[in-house]
Amino acid sequence: MRTTLLIACGNPLRRDDCVAHEVLRLVTRTPRLELLGVQQLVPELAEEIAGFERVVFLDADVRSMHPAIEPVRVTTSGSPLTHAANPSEIVALSRALCGFDGEALVCRIPARDFSPGESLTPDELHMMREAAGELERLLAPDL
Amino acid sequence: MSTRLMIEPVTRIEGHAKISIQLNDAGEVESSRFHITEFRGFEKICEGRPFEEMPGLMSRVCGICPVSHVLASSKAGDMLLGVSIPIAAEKQRRLVNYAQLLQSHALSFFHLSAPDLLLGMDAPPAKRNILGLLERDPDFLRRGIRLRQFGQRVIELVGGKRVHPGWSGPGGVHRRFTTEQRDEILTWIPEAIASVTLALDRLKPILDSFREEIANMGNFPSLFLATVNPDGGLEYYDGKIRIVDSKGNIFADDLDPARYFDWLGEASEDFTMVKFPFYRPLGYPGGFYRVGPLARLNVARFAGTERADRELREFKERGAGAVCESFHYHLARLVEMLHAVERIEQLMSDADLFGDSTQARASLNRTEGIGSCEAPRGTLFHHYQVDANGLMVKANLLIATGQNNHAMNLAVDQAARHFLGRVDPGIPPDEGILNRLEAAIRCFDPCLSCSTHALGRMPLIVEWIAADGSVLGQISRRPE
């Protein structure tokens with residue numbers, strides 16, 4: 001049974017951007033599962049994920065049509081532009097600096113509206129449930 | 001035909017900005033400007049709200065240095081109440097301010113500027129980032145990440161959360177500091193001291209390889225403004241303002257931050273959303289000044305902690321009077337980080353910090369309140385006016401990045417004139433040269449957006465625009 005960390009990323013004041021946080025609320029808590037909500041991914045998370053056998057990054061994705069869980073593609077070339085990081089960079093840092101050797105996945109949740117506000121667009125309720133279902137299926141063997 | 005060169009946005013800074021360079025017919029730099037293109041409007045948003053809400057609301061100005069806004073806002077609230085806060089509350093505020101200085105400087109140095117410093121200004125952009133550092137020196141990068149983590153952890157322990165801690169407000173703070181918190185903080189100290197010392201030992205020997213950058217990326221005389229304690233030492237939470245000139249002489253002293261409007265004026269220009277504060281007796285733009293780590297080390301006579309004092313003495317030897325090279329903001333940042341860790345350690349054995357009384361209770365006693373403190377990037381002022389019911393009538397924020405605005409414009413102009421030389425509109429300038437123009441800005445670690453969530457990736461676009469507005473050429477380094 002593996003330990004898993006779910007990291008939800010998004011700004012709760014940017015409507016659908018917070019959908020990942022809402023999905024976390026729907027996931028059944030288990031002793032081998034930890035949940036973390038952040039506004040953005042930062043390099044310090046490299047150390048946080050190192051203690052787990054599996055990490056799943058949950059994020060709103062404007063390009064997706066349906067919720068999907070897929071492996072993080074780890075690359076060694078990073079963004080020259082900002083201090084914020086993406087899952088690939090976090091996993092690369094964690095593997096190199098903190099000895100993370102677990103599985104890294106990303107759960108993309110379709111989202112449309114990132115304007116200021118606290119309410120999700122109507123479609124998101126369905127997407128949330130679908131994403132939570134995908135996660136439950138992923139986690140089921142380790143319950 | 002004159003041509004304009006645009007660098008938009010400037011990368012590895014907090015927020016969105018662009019640099020424009022106007023070339024003359026011969027392709028030589030005629031003028032350069034640093035444009036800050038964001039508008040926030042917090043001064044307007046807060047009108048009509050109760051002043052007690054201001055620390056929570058104003059902390060949203062920034063996701064990197066929210067503690068500074070919480071503190072300046074809380075202090076303005078203290079003044080509105082007309083109270084002196086309990087000593088335990090003051091010590092907690094000092095502690096969290098040092099922690100924020102540490103995490104913010106760690107972000108600036110290790111994440112944003114170390115790629116230039118350790119990999120070189122001409123390293124490929126795809127490698128000139130923290131993953132490039134990871135390949136070159138993983139231990140150095142790990143230490144930088146953990147230093148920031150330490151600062152964030154202290155803020156979380158004391159303030160309740162890492163970003164936008166809401167534990168401080170008018171009259172004091174809302175939580176007691178515990179021995180359990182002390183014990184955890186103390187476990188980090190040895191590693192933090194070792195990591196900052198290592199960074200200093202890595203930076204100082206390589207400064208010689210940046211002689212050209214040091215001499216031409218914001219090297220000019222100016223005034224320097226910072227808060228000092230009553231003995232003229234480094235001070236970050238509460239004190240009087242001192243201004244020194246480029247010779248290191250005290251130019252103005254014992255200035256009351258609560259009367260900042262008597263001696264600071266605010267000018268504006270049509271090419272940027274950020275104000276241009278100036279020292280009023282010298283007018284604008286002659287009264288421009290610099291704030292932040294470089295200014296604080298130029299202004300203070302001593303640090304007040306053993307290791308930082310040793311580094312400060314060495315730092316001061318770099319200038320004949322004040323150190324005027326903006327490149328040395330990086331070194332100053334490291335000296336301040338060392339000082340912050342030492343101060344955090346000292347506070348852990350300060351009995352005042354553990355006091356039970358953390359809140360002075362009073363109702364509104366004044367209709368005008370001003371709070372100031374030293375934010376990571378420089379002196380910060382919050383100025384509030386309220387009505388008889390305590391509702392906000394007017395707010396004015398004087399933020400460090402704005403106070404460095406004129407100096408940043410001078411720095412990018414100096415760098416453009418030196419490094420660009422003559423530009424052929426048909427041939428894009430070397431990427432390393434463009435990076436040097438951005439690096440001139442990065443010395444100041446400007447904080448422009450002050451919002452936490454990065455919406456997507458910022459592309460870098462350089463355009464040649466003719467006087468008639470037509471685009472003559474463009475290069476882009478948009479990431480995949």
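**Exercise 1. The end of H14(B)**

Which residue follows H14(B), and is its phi positive or negative?

Solution. H14(B) is followed by B:Gly421. The phi of B:Gly421 is positive, near 60°. Helices here are DSSP runs of H or I with at least four residues, strands are runs of E with at least two, and both are numbered from the N terminus.

This is a predicted model: local features need pLDDT of at least 70, side-chain atom pairs count only at pLDDT 80 or more, and totals for chains, interfaces and linings use all residues. Residues are numbered from 1 along each chain as its sequence is written, and chains are lettered from A and ligands numbered from 1 in the order in which they are written.

**Exercise 2. The length and cover of H14(B)**

Compare the expected span of H14(B) with the distance between its ends, then state how many residues are buried.

Solution.
- Step 1. The expected span is 1.5 Å times one less than the number of residues.
- Step 2. H14(B) covers residues 405-420, which is 16 residues, so it should span 22 Å. Its end C-alpha atoms are 22 Å apart, which agrees.
- Step 3. Count a residue as buried if 20 or more other C-beta atoms lie within 10 Å of its own, exposed if 12 or fewer, and partly exposed in between, with C-beta atoms placed from the backbone.
- Step 4. By that count, 14 of the 16 residues of H14(B) are buried, so the helix is mostly covered.

**Exercise 3. The two sides of H4(A)**

Find which residues of H4(A) are buried, which are exposed, and what covers the buried ones.

Solution.
- Step 1. Check the length. H4(A) has 18 residues, 122-139, and should span 26 Å; its end C-alpha atoms are 27 Å apart, which agrees.
- Step 2. List the buried residues: A:Glu124, A:Met127, A:Met128, A:Ala131, A:Ala132 and A:Leu135.
- Step 3. Place them. They cover an arc of only 135° around the axis, which puts them on the same side of H4(A). The arc is that of the directions from the helix axis to the C-beta atoms.
- Step 4. Recall the spacing rule. An α-helix has 3.6 residues a turn, so residues three or four places apart point the same way.
- Step 5. Look at the other side. There, A:Pro122, A:Leu125, A:His126 and A:Arg137 are exposed.
- Step 6. Name the cover. It includes helix H1 (19-26), strand S3 (54-61) and strand S5 (103-110) of chain A. Contact means C-beta atoms, placed from the backbone, within 7 Å.

**Exercise 4. Strand pairing in chain B**

Work out the strand order of the open four-stranded sheet, then describe the hairpin of S12(B) and S13(B).

Solution.
- Step 1. Strands pair if DSSP finds at least two bridges between them.
- Step 2. The order is S8-S7-S6-S11 in chain B, with mixed pairing. The edge strands, each pairing on one side only, are S8 (250-255) and S11 (289-290).
- Step 3. S7(B), residues 240-244, runs antiparallel to S8(B), with three bridges. B:Ile241 has B:Leu255 as its bridge partner in S8(B).
- Step 4. Turn to the hairpin. Two residues lie between S12(B) and S13(B). Eight bridges join these antiparallel strands. B:Cys373 has B:Leu380 in S13(B) as its bridge partner.
- Step 5. Seven of the eight residues of S12(B), 368-375, are buried, so the strand is largely enclosed by the rest of the structure.

**Exercise 5. Where two domains of chain B touch**

Describe the side of domain 1 of chain B that touches domain 2 of chain B.

Solution.
- Step 1. Set the bounds, which come from an automatic or database domain assignment. Domain 1 is 3-38 + 413-476, and domain 2 is 84-219 + 325-361.
- Step 2. Count the residues. The contact takes 16 from domain 1 and 17 from domain 2 of chain B.
- Step 3. Find the helices. H14 and H15 (431-442) of chain B each supply at least two residues of the domain 1 side. H15(B) gives the largest share, seven residues.
- Step 4. Sort by class. The domain 1 side has six nonpolar, five polar and five charged residues. Ala, Val, Leu, Ile, Met, Phe, Trp, Tyr, Cys and Pro count as nonpolar, Asp, Glu, Lys and Arg as charged, and the others, Gly among them, as polar.

**Exercise 6. Unusual backbone angles**

Locate A:Arg15, B:Asp445 and the cis bond before B:Pro285.

Solution.
- Step 1. A:Arg15 lies in the loop between S1 (4-9) and H1 of chain A. Its phi is positive, about 40°, although A:Arg15 is not a glycine. A:Arg15 is buried, with 22 other C-beta atoms within 10 Å.
- Step 2. B:Asp445 sits in the loop between H15 and S15 (461-466) of chain B. Its phi is also positive, about 50°.
- Step 3. A cis peptide bond joins B:Tyr284 and B:Pro285, with omega about 5°. B:Pro285 is in the loop between S10 (276-279) and S11 of chain B.
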